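Visitor: I have a new structure open and would like to learn how to read it. Could you walk me through it, feature by feature?

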Amino acid sequence: MGKLPDHADLVIVGGGPAGLAAAIEARKAGLSVAVLEREPTAGGIPRHCNHPPYGVREFGRLMKGPTYARRLVAEAAAAGADIRTGVTVLALHSGPRLTVTDNCGARDITARRVLLATGVRETSRAGRLLGGTKPGGILNTGALQGLVTLDGLVPFQRPVILGTELVSFSAILTLRHAGVRPVAMLEPASTPTARWPSAMLPRLLRIPLHLGTDIVAIEGEQRVTGVRVRGPGGERTIPADGVVLTGRFRPETALMKPSHLALDAGSGGPVVDQYGRCSDPDYFAAGNVLRPVETAGWSFREGAAAGRAVAADLAGDLPAAAPFLTIAAGEGIKLAVPQRIAPGARGGALQVRVDRPLRGRLVLSLAGKAVASQRIDTRPERRLSVPLSAIPQGATGTATLTVEEAA
């Protein structure tokens, strides 16, 4: 492929479901679109996930992840998007302008608008403060899927899986594809994080699921030989030859932290309004960089909406970014996205997560008056939604989300 373009109407950083969906929609509106992907192949996380379910809502058929990823890339390319792989974005500037590098060296690209769709990453062993030695055989789900699905390697035979988010069950399916059965699945909380019936999978595959159990230390010199765990029965060692650390996703914002864009402490992602517009209105964001973590299909729909919003913005059809209403996370609320509401359309919903297991009522209050409420019985990392239509038109100032816990 030739030299990187100097300019495009829309430059998209990230070639996963959100970025490619945005590219398709922006091309439908006649915009020139460049998609910059740092990996050798576009398609995002689904490339690593050699199992269903993907693609039912987007393409009307059940697909495995790699098939879904190839279909996304093909659709975006057929729409006329300029997809460039092996390109790393080094810096974001106002303008908007990006400093990028590829095998030809560093250079700048200008755009009328930039969409950030950089996705998420799992928390590493260091981020989890897991003690013990430092042997080989400790992987996050993404690294496991890359080794198994993309490289055809089998990194271990008797691993322990830590975590019970949806991706944790994807790790089980990946290992099953490689002919590996984990010796245990551990969850520090008293119930699985993913909704029923996900937790049925380990039982069906005869994988012991230990709730209320966490890893105290990882043992081994060259390779993992076991994990020391603490659970309802006290401490013990589970013999194993590997550890898969799953979930605890964080938005991939390494590019944004040194930039001029505002980040939200709750979500870890960029501050956006209901159109996906960032604190610098020349920048938009979509997909899992907004919050950890949703499905590929959800990210696809967010990306498509952001692509349409960018096209509307460039056509002068998007309301001004300010004055706006700020959404504040009160007691019990970990995050709310979008963090601010601009004038105009009230479609869509606030995406809300709580910071601990909670049962009661989720309340959105404006000027001391509840404008929306709903019963909840939920856990962290589970999605809650509050319709934006509940917020009065023209409201400014601050609206606060809180949880009134049941007695």
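Guide: Gladly! Let us start with Pro159, which counts as buried because its relative accessibility is 0%. Keep in mind as we go that this is a predicted model.

Visitor: Where does Pro159 lie, and which residues is it in contact with?

Guide: Pro159 belongs to strand 10, residues 159-162. Setting aside its neighbours within four places in sequence, Pro159 is in contact with Leu175, Val180, Arg181, Pro182, Val183, Ala184, Asp241, Gly242 and Val244. For a sense of scale, look for Gly397: its C-alpha atom and that of Pro159 are separated by 51 Å, with the two positions 238 residues apart along the chain.

Visitor: Now for another proline. Is Pro232 buried or exposed?

Guide: Pro232 is exposed, with a relative accessible area of 74%. You will find Pro232 in the loop between strand 14 (224-231) and strand 15 (234-239). Not counting residues up to four places away in sequence, Pro232 touches Leu211, Gly212 and Thr213. His210 is another useful landmark: Pro232 and His210 are 22 residues apart in sequence, and their C-alpha atoms are 9.2 Å apart in space.

Visitor: Let us turn to rings. How is a pair of aromatic rings described?

Guide: Two values do the job: the distance of the centres and the angle of the planes. In this model, the count comes to three aromatic pairs. One of them joins Phe59 and Phe300, with 6.3 Å from centre to centre and 70 degrees between the planes. That pair is edge-to-face because its angle is over 60 degrees.

Visitor: Which parts of the chain does the pair of Phe59 and Phe300 tie together?

Guide: Phe59 lies in helix 2 (residues 56-59) and Phe300 in helix 8 (residues 296-314), so the pair links parts that are 241 residues apart in sequence. Phe59 counts as buried at 18% relative accessibility, and Phe300 counts as buried at 15%.

Visitor: Which residues form the aromatic cluster?

Guide: Tyr54, Phe59, Tyr68 and Phe300 form one aromatic cluster. There is also a ring with a charged partner to look at: Arg340 lies over the face of Phe324, at 4.5 Å from the ring centre.

Visitor: Next, helices. How do I read the way helix 1 and helix 3 cross?

Guide: Look at how their axes approach and at the angle they make. The axes of helix 1 (residues 17-28) and helix 3 (residues 65-79) come within 9 Å and cross at roughly 25 degrees. Helix 1 and helix 3 are therefore roughly parallel to each other, and their crossing is left-handed. On the helix 1 side, the contact is made by Pro17, Leu20, Ile24 and Arg27, while helix 3 brings Tyr68, Leu72, Val73, Glu75, Ala76 and Ala79. You have met Tyr68 already, as a member of the aromatic cluster.

Visitor: At what angle do helix 5 and helix 6 cross?

Guide: The axes of helix 5 (residues 141-150) and helix 6 (residues 166-177) cross at roughly 25 degrees and come within 10 Å. These two helices are therefore roughly parallel to each other, and helix 5 passes helix 6 in a left-handed crossing. Helix 5 makes the contact through Thr141, Leu144, Gln145 and Val148, and helix 6 through Val167, Ser170, Ala171, Thr174, Leu175 and His177. Leu175 is also one of the residues in contact with Pro159.

Visitor: What should I know about the backbone?

Guide: Most residues other than glycine have a negative phi, and most peptide bonds are trans. With that in mind, look at Pro52 and Pro53, which are joined by a cis peptide bond with omega of about 10 degrees. Pro53 sits in the loop between strand 2 (33-37) and helix 2. A cis peptide bond also joins Val337 and Pro338, with omega of about 0 degrees. Pro338 is in the loop between strand 20 (333-337) and strand 21 (340-341).

Visitor: And where does Leu129 lie, with its positive phi?

Guide: Leu129 lies in the loop between helix 4 (125-128) and strand 8 (131-132). Its phi is about 60 degrees, although Leu129 is not a glycine. Leu129 is exposed, with a relative accessible area of 75%. Ala367 is not a glycine either, and has a positive phi of about 50 degrees. Ala367 is found in the loop between strand 23 (358-366) and strand 24 (369-378), and is exposed, with a relative accessible area of 78%.

Key:
Residues numbered from 1 in each chain as written. Predicted model: local features only at pLDDT ≥ 70, side-chain atom pairs only at ≥ 80, totals over all residues. Heavy atoms only, no water. Phe/Tyr/Trp six-rings, centres within 6.5 Å; stacked < 30°, edge-to-face > 60°. Helix = DSSP H or I, 4+ residues; strand = E, 2+ residues; numbered from the N terminus. Buried < 20%, exposed > 50% of the residue type's maximum accessible area, 1.4 Å probe, protein only. Lys NZ or Arg CZ within 6 Å of the ring centre and 35° of its normal. Axes fitted to C-alpha atoms, helices over the stretch in contact; angles between N-to-C directions. Parallel < 35°, antiparallel > 145°, perpendicular 65-115°, else oblique. Left-handed = near helix turned anticlockwise from the far one by under 90°. Contact = heavy atoms within 4.5 Å.
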